[in-house]
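Subject: Handover of a structure and the findings from it

Dear colleague,

Please find below the structure that I am handing over to you. My findings follow directly after it.

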Amino acid sequence: MLSEVRGEKVYWLWQRRLPLGKIATLDGDPGLGKSNLALDLAARVSMGREMPDGTPGIEGGAGVVLIALEDGLADTIQPRLQRAGANLSRIVSIGSITTTDLGTGYTYERPFLLPDDLTVLEQAIERVQAKLVIIDPLMAIFGSRDTYKDSEVRLTLAPVQMLIEKAGAACVMIRHLTKAGGSNALYRAGGSIAFIATARSGLMVLKDPTDESKRVLAHVKSNLSVQATNLVFSVVSDQEYGDDRPYISWLGQSTQTLQELLNPPVPN
């Protein structure tokens with residue numbers, strides 16, 4: 001009976017945007033700064049700093065698990081996290097898995113895959129007491145599975161959701177947008193609609209139509225609260241001072257609507 005179910009409060013890693021114990025998506029075209037944005041959030045969580053909109057972060061800081069299969073740890077991820085002010089001792093990467101062929105004894109590195117390596121993810125979360133898990137890009141951890149098949153996507157994500165809920169962590173899954181375009185943000189990213197259906201919150205990085213140097217973090221889906229305001233940011237560096245490591249500069253709220261961002265005016 002539903003009368004016997006006790007209501008539970010929703011807790012947040014980032015108010016309205018990233019609920020603890022739930023999956024969220026972060027979508028956008030390549031080159032707009034999604035990975036840098038995710039590392040900015042990782043740094044904030046590791047240090048317990050406030051979120052980009054000024055709302056409180058995790059008091060005292062917490063661990064972060066990165067599943068990053070495209071960027072190098074030594075030349076990309078670690079330098080960017082350092083520039084963002086992260087506590088590196090609280091962040092662990094499991095982008096590759098050391099595997100030994102039982103027949104030949106040959107040891108090699110293979111990409112992290114779900115649900116095959118769920119135990120590895122669980123151990124990593126426990127190791128650093130993680131409150132944030134970042135999967136970048138999401139499609140890479142599916143291996144040969146059909147990411148456009150609703151049933152396969154749901155079967156793969158179900159144990160991830162259970163693990164995230166058990167750990168009380170937020171999981172951010174990063175996806176690229178398709179070339180098809182369209183006015184409905186929920187259908188813009190690649191793969192089955194099951195991805196955004198499973199997620200309790202959906203974020204999207206879009207170009208600012210008024211300024212080529214700026215990007216907008218839009219909140220396109222929320223099942224647990226009203227949608228948050230859209231935020232403007234730029235990817236910058238201190239190259240003039242000899243430091244070319246990119247980082248996120250947050251610039252306040254955006255005045256554009258989601259439809260204006262998705263369908264910018266075409267120049268004459």
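I begin with the salt bridges. R110 pairs with D117 in one of them, and their closest N and O atoms are 2.7 Å apart. D117 is buried, at a relative accessible area of 4%, whereas R110 is partly exposed at 22%. Please bear in mind that this is a predicted model.

The structure holds eleven salt bridges. Another of them joins D243 to R83, with 4.0 Å between the closest N and O atoms. This pair connects distant parts of the chain: D243 belongs to strand 13 (residues 243-253) and R83 to helix 2 (residues 73-83), 160 residues apart. D243 counts as buried because its relative accessibility of 17% is under 20%. R83, with a relative accessible area of 23%, is partly exposed.

A further salt bridge is formed by R154 and D150, whose closest N and O atoms are 2.7 Å apart. Both residues lie in helix 4 (residues 150-167), four residues apart, which is about one turn of the helix. Both are also partly exposed, R154 at 40% relative accessibility and D150 at 31%. Elsewhere, R83, D238, D243 and R245 are joined into one network by salt bridges that share partners.

Turning to the nonpolar interior, the largest nonpolar core has 37 residues, of which L18, L37, L132 and L217 touch the most other members. Helix 1 (residues 34-47) is the element that gives the most to this core, contributing seven residues. A second, separate core comprises 29 residues, including V92, I97, A124 and I125. Beyond its neighbours within four places in sequence, L132 is in contact with residues that include L13, L41, V45, V64 and V172.

Q129 is located in the loop between helix 3 (118-128) and strand 8 (130-136). Q129 counts as exposed because its relative accessibility, 57%, is over 50%. The side chain of Q129 reaches the backbone oxygen of E126 at 2.9 Å. Leaving aside neighbours within four places in sequence, Q129 contacts A62 and G63. The C-alpha atoms of Q129 and A167 are 8.3 Å apart, although 38 residues separate the two along the chain.

Lastly, on the surface, L186, Y187 and I193 make a nonpolar patch of about 280 Å². L186 sits in the loop between strand 9 (170-176) and helix 5 (194-198) and is partly exposed, with a relative accessible area of 31%.

Yours sincerely

Methods
Residues numbered from 1 in each chain as written. Predicted model: local features only at pLDDT ≥ 70, side-chain atom pairs only at ≥ 80, totals over all residues. Heavy atoms only, no water. Core = buried A, V, L, I, M, F, W, Y, C linked by side-chain atoms within 4.5 Å. Buried < 20%, exposed > 50% of the residue type's maximum accessible area, 1.4 Å probe, protein only. Helix = DSSP H or I, 4+ residues; strand = E, 2+ residues; numbered from the N terminus. Contact = heavy atoms within 4.5 Å. Patch = residues over 30% accessible without salt bridge, like charges linked within 9 Å, V, L, I, M, F, W, Y side chains within 5 Å. Areas by Shrake-Rupley, 256 points an atom, 1.4 Å probe, with all protein chains shown as cover. Salt bridge = Lys/Arg side-chain N within 4 Å of Asp/Glu carboxyl O. Polar contact = N/O pair within 3.5 Å; in protein donor to acceptor, adjacent residues only side chain to side chain.
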